[in-house]
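Q: I'm new to this one and would like a close look at a single part of it. Could you walk me through that part and then show me how the rest fits around it?

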Amino acid sequence: MTTCKLAVFDMAGTTVDEDNVVYKTVKQVINDEGFQVSLDQVLEFGAGKEKHQAIMDVLEACTKAESIREVADNAFENFKPALDRAYSELDVKTFPGVKEAIDQLRAAGVFVVLNTGYNRRTATALVEKLGWKIGADIDGLVTADDVTNGRPAPDMILRAMELVGVSDPSLVIKAGDSGIDIEEGKNAGCGLTIGVLSGAQNREQLEVAGPDLILDSLADLPANLGLVR
């Protein structure tokens, strides 16, 4: 088994299957400002990021908006209630085999912490919809609200390490469905960075960030660590 004390997993598209509702909502609020961006563009330029930053980056890359900050502020103000409405009707679930993978890792002595570009309220609501509890199903949750700098800065991973008392980043795995997750892991000095194909980006997009491993799903991780024989 690969030496590992902590696994930090992204939420949407990696651990949580929420049918890209966040990025569909980002697309909606940007287009409500008079633009025409596609979901593919939102996923390419906004995946994995704190959502105000995601809106900013999509506007900059995909539109001719003149006052990007002002447009982004307006869109983000509409994003929060729009996402609340979307989540109220959403059937949130995990991808097949992911909960079992988390259980296997924790049984082998590996802490599992979720991290996300969502704010604390949204992330907590997702965890609650899954029926999970911190301390019973996962060991921690770190959100964009908990740190100064969002991805690709390493702040959330460093915070996760503090939560569980792991000081050596070479003992940390970071897994996510976007290139910015991989960049975050590399910036934190993680011993292993993993891209998964269950969410926002395809293999070619993930490969740009140079992950150590690309898996179809997080469910495949225990076997790749030697936990399944």
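Which residues are buried in helix 1?

A: Keep in mind from the start that this is a predicted model. In helix 1, the buried residues are Val21, Val22, Tyr23, Thr25, Val26, Val29, Ile30 and Asn31. The helix runs over residues 21-31, and with eight of its eleven residues buried, it is mostly covered. What does the covering? The buried residues of helix 1 pack against helix 2 (39-46), helix 3 (51-62) and helix 4 (68-88). So that part of the picture is helix against helix, going by those packing partners.

Now let's step back to the whole chain. The secondary structure comes to ten helices and eight strands. The radius of gyration is 17 Å, close to the 17 Å that the globule rule gives for 229 residues, so the chain is as compact as a globular protein of that length. If you lay the C-alpha trace along its principal axes, it spans about 55 × 35 × 30 Å. Of the 229 residues, 52% count as buried. Look at contacts with a separation of 6 or more, and you'll find that residues 24 or more positions apart account for 66% of them. As for the outside, the chain exposes about 10,100 Å², and carbon and sulfur atoms supply 44% of that.

Next, have a look at helix 7, which covers residues 155-164. Its buried residues are packed against a mixed set of neighbours: strand 1 (6-10), strand 4 (111-115), strand 5 (140-142), strand 6 (172-176) and helix 8 (179-188). Asp155, Met156, Ile157, Ala160, Met161 and Val164 are the buried ones here. Just past the end of helix 7 sits Gly165, with a positive phi of about 80 degrees.

Met156 also turns up from another direction. Thr143 lies in the loop between strand 5 and helix 7, and Met156 is among the residues that Thr143 touches, leaving aside those up to four places away in sequence. The others on that list are Thr116, Tyr118, Asn119, Arg120 and Ala123. Thr143 itself is buried, with a relative accessible area of 0%.

For a contrast, try Gly135, in the loop between helix 6 (120-130) and strand 5. With a relative accessible area of 56%, Gly135 is exposed. In sequence, Gly135 and Val112 are 23 residues apart, while in space their C-alpha atoms are 9.8 Å apart.

From there, move on to the strands, and to strand 7 in particular. Five of the five residues of strand 7 (residues 192-196) are buried, so this strand is largely enclosed by the rest of the structure. Both of its faces are covered: Leu192, Ile194 and Val196 are buried on one side, and Thr193 and Gly195 are buried on the other. Strand 7 has a partner in strand 6, and the two pair in the parallel sense over four bridges. Within that pairing, Ala175 stands opposite Ile194. To get from strand 6 to strand 7, the chain passes through helix 8, and this β-α-β crossover is right-handed.

Strand 7 also runs parallel to strand 8, with three bridges joining them. Here Gly195 stands opposite Ile214 in strand 8. Strand 7, helix 9 and strand 8 make a right-handed β-α-β unit as well.

The loop between helix 9 (203-208) and strand 8 (213-215) holds Ala209. Is Ala209 buried or exposed? At 17% relative accessibility, Ala209 counts as buried, because the cut-off for buried is under 20%. Setting aside residues up to four places away in sequence, Ala209 touches Gly179, Ile182, Glu183 and Lys186. You can also trace Ala209 back to strand 7: Ala209 and Thr193 are 16 residues apart in sequence, and their C-alpha atoms are 9.8 Å apart in space.

One last stop is the cysteines. The structure holds zero disulfides. Take Cys4: its sulfur is 9.4 Å from the closest cysteine sulfur, in Cys190, which is too far for a bond. Cys4 counts as buried, at 7% relative accessibility.

Conventions. Residues are numbered from 1 along each chain as its sequence is written. This is a predicted model: local features need pLDDT of at least 70, side-chain atom pairs count only at pLDDT 80 or more; totals for chains, interfaces and linings use all residues. Side-chain values use heavy atoms; hydrogens and water are left out. Buried means under 20% relative accessible area, exposed over 50%, partly exposed in between (1.4 Å probe, protein chains only). Contact means heavy atoms within 4.5 Å. Two strands pair if DSSP finds at least two bridges between them. A crossover is right-handed if, with the strands pointing away from the viewer, the path from the first strand over the helix to the second runs clockwise. The radius of gyration is taken over C-alpha atoms; the globule rule is 2.2 Å times the number of residues to the power 0.38. Accessible areas come from the Shrake-Rupley method with a 1.4 Å probe; for residues, only the protein chains shown count as cover. A disulfide is a pair of cysteine sulfur atoms within 2.5 Å.
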